[in-house]
Amino acid sequence: MIKRIVKKFKICFPHRWEDDITLIVLMASALDICFLLKPLNGSDSLAQMVFILAVLLISCVTQGYL
């Protein structure tokens with residue numbers, strides 16, 4: 001029974017290591033962009049937009065739901 005559930009889970013939620021690498025690279029890039037923009041703007045108001053853009057790019061580039 002548990003094997004069937006795990007198999008169905010793997011079919012519904014495929015996992016690729018390339019997606020993990022993409023996630024790490026894009027989130028690290030978003031963090032770097034925030035560090036670069038803070039001295040120019042003086043506040044963290046743009047950080048939310050940068051991270052929302054990073055999440056949007058991750059959802060467009062990667063496969064699966066997780």
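So, Arg16: this one is partly exposed, at a relative accessible area of 33%. Keep in mind that we're looking at a predicted model. What does Arg16 do with its side chain? It meets the side chain of Glu18 in a salt bridge, with 3.8 Å from N to O. It also meets Asp19, and there the N to O distance is 3.3 Å. The cut-off for a salt bridge is within 4 Å, so both pairs get counted.

Put those together and Arg16, Glu18 and Asp19 form a linked network of salt bridges. How many salt bridges does the structure hold? Two. As a general point, side chains of opposite charge can pair when their charged atoms come close.

Now look at the two acids. Are they buried or exposed, or partly exposed? Glu18 is partly exposed, at 47% relative accessibility. Asp19 is at 9%, and since buried means under 20%, Asp19 counts as buried. As for Arg16, its 33% puts it in the partly exposed class.

Okay, zooming out to the whole chain. We've got three helices and zero strands, so if you read along the sequence the pattern is just α-α-α. That "so" is simply how helices and strands are assigned here, as DSSP runs numbered from the N terminus.

What about the overall dimensions? The C-alpha atoms fill a box of roughly 55 × 20 × 20 Å along the principal axes. The radius of gyration is 17 Å, whereas a compact globule of 66 residues would come out near 11 Å. Of those 66 residues, 11% count as buried. On the surface side, the protein exposes about 5,800 Å², and carbon and sulfur atoms supply 72% of that.

Next up, helix H3, which takes in residues 47-61. That's 15 residues, and from the first C-alpha to the last it reaches 21 Å, close to the 21 Å you'd expect at 1.5 Å a residue. Which residues of H3 are buried? Val50, Ala54 and Ile58. Looking down the axis of H3, the buried residues fall within an arc of 75 degrees, so they line one face of the helix. And why would that happen with this sort of spacing? An α-helix has 3.6 residues a turn, so residues three or four places apart point the same way.

What do the buried residues of H3 pack against? Helix H2, residues 17-41. Turn H3 around, and the face pointing away from the buried side carries the exposed residues Gln48, Met49, Ile52 and Cys60.

Two more residues before I stop. Val61 lies in helix H3, and Val61 is exposed, with a relative accessible area of 53%. How far is Val61 from Leu26? Their C-alpha atoms are separated by 10 Å, with those positions 35 residues apart along the chain.

The other one is Phe35, over in helix H2. Phe35 is exposed too, at 56% relative accessible area, and the cut-off for that is over 50%. From Phe35 to Ala47 you go 12 residues in sequence and 8.9 Å in space, C-alpha to C-alpha.

So if you take a picture away: an α-α-α chain, a salt-bridge network around Arg16, Glu18 and Asp19, and an H3 whose buried residues pack against H2. That's it from me.

Methods:
Residues are numbered from 1 along each chain as its sequence is written. This is a predicted model: local features need pLDDT of at least 70, side-chain atom pairs count only at pLDDT 80 or more; totals for chains, interfaces and linings use all residues. Side-chain values use heavy atoms; hydrogens and water are left out. Buried means under 20% relative accessible area, exposed over 50%, partly exposed in between (1.4 Å probe, protein chains only). Helices (H or I, at least four residues) and strands (E, at least two) are DSSP runs, numbered from the N terminus. The expected span of a helix is 1.5 Å times one less than its number of residues. The arc is that of the directions from the helix axis to the C-beta atoms. Contact means heavy atoms within 4.5 Å. The radius of gyration is taken over C-alpha atoms; the globule rule is 2.2 Å times the number of residues to the power 0.38. Accessible areas come from the Shrake-Rupley method with a 1.4 Å probe; for residues, only the protein chains shown count as cover.
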